[in-house]
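Student: Please give me a close look at one part of this model, and then show me how that part sits in the rest of the chain. Take your time and keep it informal.

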Amino acid sequence: MNTPIYMDAHATTPMDPQVVEAMLPYFTQSFGNAASRTHSFGHDAEAAVDSARTTLAELIGARPKEIIFTSGATESDNLAIKGAAEFHREMGNHIITSVIEHHAVLDSCKALERAGFEVTYLPVDKYGAVNPSSVEKAITPQTVLVSIMLANNEIGTISDLVAIGKITRQAGVLFHSDATQGVGRVGVNVDEMNLDLMSFSAHKMYGPKGVGALYVRSRRPRVRIRPQMDGGGHERGMRSGTLNVPSIVGFAKAAEICMSEMDQDEARIDTLKERLYQGITSKIDSVFLNGHPTNRLAGNLNLSFAYVEGESLLMGLKDVAISSGSACTSSTLEPSYVLKAIGVEEDLAHTSLRFGLHRFTTEEEVDFVIADVIDQVSRLREMSPLYEMAQAGVDMSTIEWPEDH
Ligand SMILES: *Cc1c(COP(=O)(O)O)cnc(C)c1O
């Protein structure tokens, strides 16, 4: 077993070796520009892109021409939200989203606010779920777009997009979802969910980095968006730029593998996740699960450890590649806005760890991680006067701390 052990699959997944294999000929042999019409190099590249489009459409229950290739979910989110809002400017200036969206969505909304749009940021419940009726209540005659993520990248909670999609369709407003964490991991069908726009990315489903897609509904209704990139009019005019053929081929290969293996894969991952959870919590107390107990991504385990210091814990676990509830926004030590939104207290937000299991995670790795977490938490708690007091039955909430604490 090699260390460090990779358990940060929400940040990115390892590439499936079959994906790499599928991509290789498109770097050196079939390296043509998919827009070149005058020779076989172009035709081969175009055929590969067409085939990839068909596969990706199949993965999400769409039609091939509804797949617009982008550089990743960040670009797809920007294109969907700014593109739809700008195109429909005359119809209204109101957008609805949630407080726990990815920054690609939140910051696109912030940019629109600076341009005169109004944005409602819906709260979530203690599990991180958006209540569909809160979407319904927030819709006004000015609303043009609702954007709610499929699965949260920190706590793994899965939203009820079917229920939300019924509401948006009924109200006649566009529905976008950042489905990056869910596509390839859970079943997604754009018609069942009444989605008009949906973002997803190859590198979260065992494909290459730097390629993603935006689903844009072509009928009932035909969705129009304003392109964010001017140029040669590729991708039905919605996204100019020479297509990244090798990555698109890899994206499709990744989708194909997900279609055939998702059910077994996710069941296995779920079992490993349960093993990890039980293994940790059977040996150490005062551990809290963040996110929904069952309605969550199979590979996501987000735990807060009371009476330890978050940074010390992360540093102690140097053989495990994971992320924490405060290091997520990187350089700052601000606790995660997602944990804050579900009501996790600051102390516990700082000591949260996000485990992201994936297709290549093994039982041996899980057992190693369990032992390592138990060791590190126990070691830190041995040095913690707070833990000692808690063990002795002191009620922490009654302690009066000195001014400066
Ligand atoms: C990773 C991620 C993104 C960004 O995707 P990129 O392809 O890296 O730009 C957006 N939204 C969610 C929910 C993600 O997990």
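Tutor: One bit of vocabulary before we dig in: a residue counts as buried under 20% relative accessible area, exposed over 50%, and partly exposed in between. R220, with a relative accessible area of 71%, is therefore exposed. Y307 has a relative accessible area of 25%, so Y307 is partly exposed. Keep in mind throughout that this is a predicted model.

The part I'd pick is strand β13, residues 352-356. Five of the five residues of β13 are buried, so the strand is largely enclosed by the rest of the structure. Take the two faces in turn: S352, R354 and G356 sit on one side, while L353 and F355 are on the other. Both faces are covered. Notice that R354 is among the buried residues.

Now for the company β13 keeps. The sheet is an open one with four strands, in the order β9-β10-β13-β12, and the pairing is antiparallel. Its edges are β9 (287-289) and β12 (323-324), each of which pairs on one side only. Reading along that order, β13 sits between β10 and β12.

On the β10 side, five bridges tie β13 to residues 300-305, and these two strands run antiparallel. You can find the register from two pairs: S304 has S352 as its bridge partner, and N302 stands opposite R354. On the β12 side, the pairing is again antiparallel, over two bridges. There, S324 is the bridge partner of L353.

Something also lies across this sheet. Helix α8, residues 245-281, crosses β9, β10 and β13, and runs at about 15° to β10. That helix matters for the next step, which is about F355.

F355 is a good residue to click on. Setting aside its neighbours within four places in sequence, F355 is in contact with M7, H10, L276, I280, G299, N300, L301, L303, I322, V369 and V373. Two of those names, L276 and I280, fall within the residue range of α8. Others, including N300, L301 and L303, fall within β10.

Zoom out from F355 and you reach the largest nonpolar core, which has 91 residues. F355 is one of those with the most contacts inside that core, along with I60, M198, L276 and F305. The biggest contribution comes from α8, with 13 residues. The core also draws at least three residues from each of domain 1 (5-10 + 262-391) and domain 2 (17-257). Apart from it lies another core, of 21 residues, among them V105, F117, L145 and M238. As background, nonpolar side chains tend to be buried together in soluble globular proteins.

By those bounds, β13 belongs to domain 1. How do the two domains meet? Their C-alpha centres lie 30 Å apart, and 28 residues of domain 1 are in contact with 29 residues of domain 2. Between them the domains bury about 2400 Å², 56% of it on carbon and sulfur atoms.

For a counterpart in domain 2, go to strand β7, which covers residues 197-201. Five of the five residues of β7 are buried, so this strand too is largely enclosed by the rest of the structure. L197, S199 and S201 point one way, M198 and F200 point the other way, and all are buried. M198 you have met already, on the list of residues with the most contacts in the largest core.

The pairing around β7 goes like this. Three bridges join it to β6 (residues 174-178), and those two run parallel; S177 stands opposite M198 there. Five bridges join β7 to β8 (residues 212-216), which run antiparallel, with F200 opposite A213.

Last, back to the two residues we began with. R220 is in the loop between β8 and α8, and its phi is near 50°, a positive value in a residue other than glycine. The peptide bond from R220 to P221 is cis, with omega near -10°. Y307 is in the loop between β10 and α9 (310-316), and its phi, near 65°, is also positive without the residue being glycine. There is a further cis peptide bond between T3 and P4, where omega is about -5°; P4 is in the segment before β1 (5-6).

Notes
Residues are numbered from 1 along each chain as its sequence is written. This is a predicted model: local features need pLDDT of at least 70, side-chain atom pairs count only at pLDDT 80 or more; totals for chains, interfaces and linings use all residues. Side-chain values use heavy atoms; hydrogens and water are left out. Two strands pair if DSSP finds at least two bridges between them. Contact means heavy atoms within 4.5 Å. Axes are lines fitted to C-alpha atoms, for helices over the stretch in contact, and angles run from 0 to 180 degrees between N-to-C directions. A nonpolar core is a set of buried Ala, Val, Leu, Ile, Met, Phe, Trp, Tyr and Cys residues joined through side-chain atoms within 4.5 Å. Buried means under 20% relative accessible area, exposed over 50%, partly exposed in between (1.4 Å probe, protein chains only). Domain bounds come from an automatic or database domain assignment. Buried area is the accessible area (1.4 Å probe) that two parts lose on being put together, summed over both.
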